[in-house]
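Reader: I am new to this one, so could we go through it slowly, a topic at a time? Please put it up first.

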Amino acid sequence: MADIAAVPLTPASPPRGTLARAEHFVWLTARVLEQRLFAHHFRDGAAGPVETALEAYRNDDGGYGHALEPALRGPAGLPAHTARALHVLDAVGRCDARRAEDVCRYLTSVSTAEGALPAVGTRADGGGAARLPGSLSATAPVVGLLHRNEVWHPWLFRATDFCRQAVESLEAARPGDVEAAVLFQDHAPDRARAEAAAERLGRLVRRERPAVVDPDGSGHARGPFPHDYARTPDSLARAWFTDAEMGRSLDALAAGQQDDGGWPARRLPGAPELTRGALLESRAIATIEALRTLTAYGRLV
C-alpha cells in the first residue's frame, strides 16, 4: 500500500487530476472507514483494515448502527445501516456466508412476515417489526448483495419472493424503487425472470423518463442519471440507454466533482435533512462511489 503518511494534506498548490483531488478531499474530511475504503480501491490497500473499521459500527444483535449510514444519527440499529455494512463488505470481497450469518439473523428479526425490511429511517425493533410496512427500496439492495455473494439463509427465500413480486408489480418509475429494483435484478438467482422484469422496467423508465438523459454536462442538472441506474457496464439497466446517453451521463458525473475534490452528497430517500457533520461523511461516500462508477466505465484518468 502507498505510504499514506507521505501524502501532503496542505499542499502549496491544489492537487491536479480527478483521483488526486478526490484523494485530498478524502484524507481531509472522511471517516476512518471511508479512508480505508479509498485506500483499498485506489491505493492497493488491504481489505482487513476496512473490515476492522466497519466492526466499530456493529451492535450485539448482529445489525449495525452508530450513524454508519451518515444521514441516520445515533447508536440505534436500523436496516439502512446494515445495508451500508453489506455494501462495504461486498466492496472488499468479505461478504461471505460466515460474516453474513449474524446479519441475516438481525434482518430476520426486523423484517415483516413477508421478509421485507421497513423503509429507511423507520425504527424496527424485533417486537414490532411485523407491524411495519415493507419497502422495496430498503429490501431489494440487501437481497441483491447477498445473492451476488452466494449467501443463502431462510430469511432470503421470503425476502427474494417479496422483491420479485414488488418489482414485477411496479406501475410507476419512482427513482428510489427503480434503483433498488436494478440492484436486485442484477443478482437475482432466476436470471431469465430477472431479465424479463428488467426489460419491462426499462420500458417504464423510458416512458416516464425519471432519469436525466440529456444533461448539460455541467453537473448542475438534477438526477438521477443513467449511471445511477446502471452503475457498471454489465448491469441490466445499461440496455435502457443509448451509448450517447450514457456518455453524457458519465460526462455529467465527472463534471460533478467540486472545487474541494469531493462530489456532492446524495440524500437517502426517507432520511432527514443532513446535518453539517453528516453532510461531510456522506460526501466522502458519494466521492468513492463516483470514482468507482467512472472506473467501471473506463472514465477515470
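Reader: Let's start with charges: what does E55 form a salt bridge with?
Author: E55 forms a salt bridge with R58, and their closest N and O atoms are 2.9 Å apart; the term stands for a side-chain nitrogen of Lys or Arg within 4 Å of a carboxyl oxygen of Asp or Glu. Please keep in mind that this is a predicted model, in which local features need pLDDT of at least 70 and side-chain atom pairs count only at pLDDT 80 or more, while totals for chains, interfaces and linings use all residues. Residues are numbered from 1 along each chain as its sequence is written, and side-chain values use heavy atoms, with hydrogens and water left out.

Reader: And are E55 and R58 buried or exposed?
Author: E55 counts as partly exposed at 40% relative accessibility, and R58 counts as partly exposed at 31%, where buried means under 20% relative accessible area, exposed over 50%, and partly exposed in between, with a 1.4 Å probe and protein chains only.

Reader: Which residues are linked with them in a network?
Author: The network of salt bridges links E55, R58, E101, D102 and R105. Within this network, R105 and D102 form a salt bridge with their closest N and O atoms 2.7 Å apart, and both lie in helix α5 (residues 97–110), 3 residues apart, which is about one turn of the helix.

Reader: How many salt bridges are there, and what about E34?
Author: The count comes to 24 salt bridges, and the side chain of E34 meets that of R31 in one of them, at 2.8 Å from N to O. E34 is buried, with a relative accessible area of 2%, and R31 also counts as buried, at 10%.

Reader: Changing topic, how many helices and strands does the chain have?
Author: There are 12 helices and 0 strands, taken as DSSP runs numbered from the N terminus, with helices being H or I of at least four residues and strands E of at least two. Of the 301 residues of the chain, 50% count as buried.

Reader: Then the rings: how many aromatic pairs are there?
Author: The count is 6 aromatic pairs, where rings of Phe, Tyr and Trp (its six-membered ring) pair if their centres lie within 6.5 Å, and planes under 30 degrees apart count as stacked, over 60 as edge-to-face and the rest as tilted. Among them is the stacked pair of Y229 and F241, at 6.5 Å centre to centre with 5° between the planes.

Reader: Where do Y229 and F241 lie?
Author: Y229 lies in helix α10 (residues 226–229) and F241 in the loop between α10 and α11 (243–255), so the pair ties together parts that are 12 residues apart in sequence. Both Y229 and F241 are buried.
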